[in-house]
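Welcome! Take a look at the structure below, then work through the exercises one step at a time.

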Amino acid sequence: MNLRFLNQTDMNSSASSFTATDIFNADYDIYLVNIEGLFTASSTGDIDLRLVTTGGSVITSTSYAYGIVDILPNTSWNSYYDTNNTHFDNMFGLAGVKPYISSQSIWVFNPYDSSKYTSVISSSTATQSATVYRYRDGGGILLLENSIGGINIKTSSPDLGGGSIKTYGLRRD
């Protein structure tokens with residue numbers, strides 16, 4: 001695989017959302033975004049994903065369609081899906097307070113091309129407590145033709161505490 005490291009953005013302060021801009025460009029059609037060591041400021045929280053235009057605006061219209069399975073080893077599985085939401089809901093494994101962290105790999109397709117829909121495939125793992133480990137797997141599509149330049153990670157409660165976003169482009173040979 002011809003992945004090229006493009007960018008690293010660190011989250012160093014507590015906030016309800018974090019935006020990484022200018023991580024996608026016209027050079028690549030497929031990107032891998034790794035979010036590592038994501039944790040919350042207090043307790044556990046579901047983490048959602050929104051896309052950001054090349055102009056820096058977070059897209060909040062009801063144009064997100066997605067499906068996710070939430071795999072828990074100590075109970076039954078959950079699923080989340082919607083066809084007109086304002087974000088990709090519960091896209092990431094539940095994050096907790098350090099040392100209980102969440103890490104994600106998100107493949108992003110056609111983000112910069114304003115004549116195509118942007119789609120994502122996500123896999124995440126999380127340790128939400130000493131005894132609860134989670135795995136979430138899913139995907140979605142933004143049903144808008146827009147030039148996407150970044151991502152926004154958000155939680156309704158508690159605030160995000162930190163983590164790192166690394167972006168790679170898949171080179172075409």
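## Exercise 1: Lay out the sheet

Eight strands form an open sheet in the order β1-β12-β3-β8-β9-β10-β5-β6, with antiparallel pairing. Before going on, note that this is a predicted model, in which local features need pLDDT of at least 70 and side-chain atom pairs count only at pLDDT 80 or more, while totals for chains, interfaces and linings use all residues. Residues are numbered from 1 along each chain as its sequence is written, and side-chain values use heavy atoms, with hydrogens and water left out.

Task: find which strands stand at the edges, and follow the pairing of β8 with β9.

Solution, step by step:

- Start with the terms: strands (E, at least two residues) are DSSP runs numbered from the N terminus, and two strands pair if DSSP finds at least two bridges between them.
- β1 (3-11) and β6 (78-85) are the edge strands; each has a single partner strand, so one side of each is left without a neighbour in the sheet.
- From one strand to the next, the twist averages 15° (axes are lines fitted to C-alpha atoms, and angles run from 0 to 180 degrees between N-to-C directions).
- Now go to β8 and β9, which run antiparallel and are joined by eight bridges. Here Q104 stands opposite S124 in β9.
- A126 also lies in strand β9 (residues 118-127). Its C-alpha atom is separated by 5.7 Å from that of I101, although the two are 25 residues apart along the chain.

## Exercise 2: Trace the salt bridges

Task: how many salt bridges does a search of the whole structure find, and which parts of the chain does the pair K166 and E36 link?

Solution, step by step:

- A salt bridge is a side-chain nitrogen of Lys or Arg within 4 Å of a carboxyl oxygen of Asp or Glu. The search finds four.
- One of them joins the side chains of K166 and E36 (3.3 Å, N to O). This pair links distant parts of the chain, with K166 in strand β12 (residues 160-170) and E36 in strand β3 (residues 30-40), 130 residues apart.
- D48 and K154 meet through their side chains in another salt bridge (3.5 Å, N to O). D48 belongs to strand β4 (residues 45-53) and K154 to strand β11 (residues 148-154), 106 residues apart.
- D70 forms a salt bridge with R136, where the closest N and O atoms are 3.2 Å apart. Strand β5 (residues 64-71) holds D70 and strand β10 (residues 133-142) holds R136, 66 residues apart.

## Exercise 3: Buried or partly exposed?

Task: are D70 and E36 buried or partly exposed?

Solution, step by step:

- Buried means under 20% relative accessible area, exposed over 50%, and partly exposed in between (1.4 Å probe, protein chains only).
- D70 counts as buried because its relative accessibility is 0%. R136 is buried too, with a relative accessible area of 0%.
- E36 has a relative accessible area of 31%, so E36 is partly exposed.

## Exercise 4: Explore the core

Task: which residues have the most contacts inside the largest nonpolar core?

Solution, step by step:

- A nonpolar core is a set of buried Ala, Val, Leu, Ile, Met, Phe, Trp, Tyr and Cys residues joined through side-chain atoms within 4.5 Å.
- The largest one has 29 residues, and I35, I151, I153 and I165 have the most contacts inside it. β3 gives the most to this core, with four residues.
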